[in-house]
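Biologist: Could you take a close look at one part of this model with me? I am new to this, so please explain the terms as we go.

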Amino acid sequence: MKIRFEDDLDLLKIAESGQCFRWKRIDNGGGPAACRIIAGGRVLFVMEGADQGTFELSCTEDEYREFWSEYLDMDTDYRGIRKMALDSGDRVLSNAADAGKGIRILKQDTFEMLISFIISQRKSIPAIRSTIEKICSKAGRKLELNENEKEWLKDRGFPSEAGEDLYAFPSAQDCVRLSSDDLASCGTGYRAPYIERAAEGIISGEIDLDSMEKLRDEELITELMKIYGVGKKVASCVCLFGFHRLDFFPVDVWIERVLSKYYPDGFPFDAYKPYNGVMQQYLFFNERNL
DNA sequence: AGGCAGGTTCTTA
DNA sequence: TAAGAACCTGCC
């Protein structure tokens with residue numbers, strides 16, 4: 001299907017924004033930007049259309065309405081949020097918002113975010129991706145493209161490998177089936193027990209991510225930080241990218257750098273409520289692309 | 001070749 | 001309560 005979308009949506013920036021680890025750029029030999037996305041046990045191919053503000057998607061309109069529209073957070077006005085930054089009078093933030101135009105905060109699965117950001121600690125982004133892919137291929141359900149999707153790739157000149165050997169992110173049940181050796185072979189290192197215990201907690205019901213939806217922001221992060229291996233940074237990421245609480249502002253080494261360089265007296269969170277998390281994404285993206 | 005990476009826990013005062 | 005060490009492993 002094809003969509004026209006006037007609000008901010010830049011595939012490559014989202015893929016590089018650090019919020020998702022299973023977006024992959026696909027290449028048909030110098031054509032427009034395109035990505036393969038694996039989420040919610042599904043696969044989506046998206047390509048920028050020939051006309052500005054249009055996109056070609058490999059899914060049907062039903063699938064778009066059912067899942068992808070919400071996943072991509074299509075109902076939130078990022079142009080308006082970005083305008084807050086541009087109008088703030090803060091040169092650093094408005095520059096960052098300009099550079100980060102097109103970034104959206106995806107509505108991703110909470111368990112996937114929990115495990116992904118547990119893995120992320122003290123790892124480079126390529127290493128995070130690699131570990132996650134290994135876990136998915138070891139424990140996740142294999143995903144097969146249907147004929148329409150294969151045709152979609154072929155018609156646009158993408159290699160068929162783009163749709164091969166794809167695996168869903170594993171469920172908690174899938175994860176506990178992995179032995180410690182399996183986990184170690186994925187490169188999880190000292191995080192392996194964190195992953196095991198998180199998955200076990202989900203299964204036993206001791207950790208109930210679904211019921212956490214109703215908690216207020218402060219209660220939510222407090223609950224998440226009770227999970228072994230989950231500190232403030234990881235918990236903030238789960239809140240922002242999994243629970244879609246747009247006011248969370250995860251502080252990692254990059255943001256730490258931004259804060260000490262440009263905001264020695266503190267970042268003015270009050271000015272951007274309830275969208276501080278979006279500002280964090282702009283600042284993070286900009287700092288990394290220096 | 002060896003340091004360092006999108007942190008967190010554990011130990012020690 | 002706070003500061004510092006230890007932690008797996010792969011990527012540059």
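Modeller: Happily; let us look at the surface that faces the DNA, and then follow one residue of it further into the protein.

This is a predicted model, where local features need pLDDT of at least 70 and side-chain atom pairs count only at pLDDT 80 or more, while totals for chains, interfaces and linings use all residues. Residues are numbered from 1 along each chain as its sequence is written, chains are lettered from A and ligands numbered from 1 in the order in which they are written.

Start with DNA strand B. There are 19 residues around it (C-beta atom, placed from the backbone, within 6 Å), and those that come nearest are Gly18, Gln121, Ser124, Gly231 and Val234. Helix H13, residues 232-242 (a DSSP run of H or I, at least four residues, numbered from the N terminus), contributes the most to this surface, with three residues. Sorted by class, the surface holds seven nonpolar, seven polar and five charged residues (Asp, Glu, Lys and Arg are charged; Ala, Val, Leu, Ile, Met, Phe, Trp, Tyr, Cys and Pro nonpolar; the others, Gly among them, polar).

Now turn to DNA strand C. Its surroundings are Arg122, Ser124, Pro126, Ala127, Ser130, Ala184, Gly187, Gly189 and Tyr190. Here helix H6, residues 125-139, gives the largest share, three residues. The classes are four nonpolar, four polar and one charged. Did you spot Ser124? This residue is listed for both DNA strand B and DNA strand C.

Let us pause at Gln121, one of the residues nearest to DNA strand B. Gln121 sits in the loop between helix H5 (110-120) and H6. It is partly exposed, because 17 other C-beta atoms lie within 10 Å (20 or more would be buried, 12 or fewer exposed, with C-beta atoms placed from the backbone). Leaving out residues up to four places away in sequence, Gln121 touches Arg191 and Val234 (C-beta atoms, placed from the backbone, within 7 Å). Val234, like Gln121, is among the residues that come nearest to DNA strand B.

Finally, follow Gln121 to Glu287: they are 166 residues apart in sequence, and their C-alpha atoms are 19 Å apart in space. Glu287 belongs to helix H16, where it joins Gln280, Leu283, Phe284 and Arg288 in meeting Trp254, Ile255, Arg257 and Val258 of helix H14. The residues of this contact divide into five nonpolar, one polar and three charged.

Methods: Helices (H or I, at least four residues) and strands (E, at least two) are DSSP runs, numbered from the N terminus. Two residues are in contact if their C-beta atoms, placed from the backbone, lie within 7 Å.
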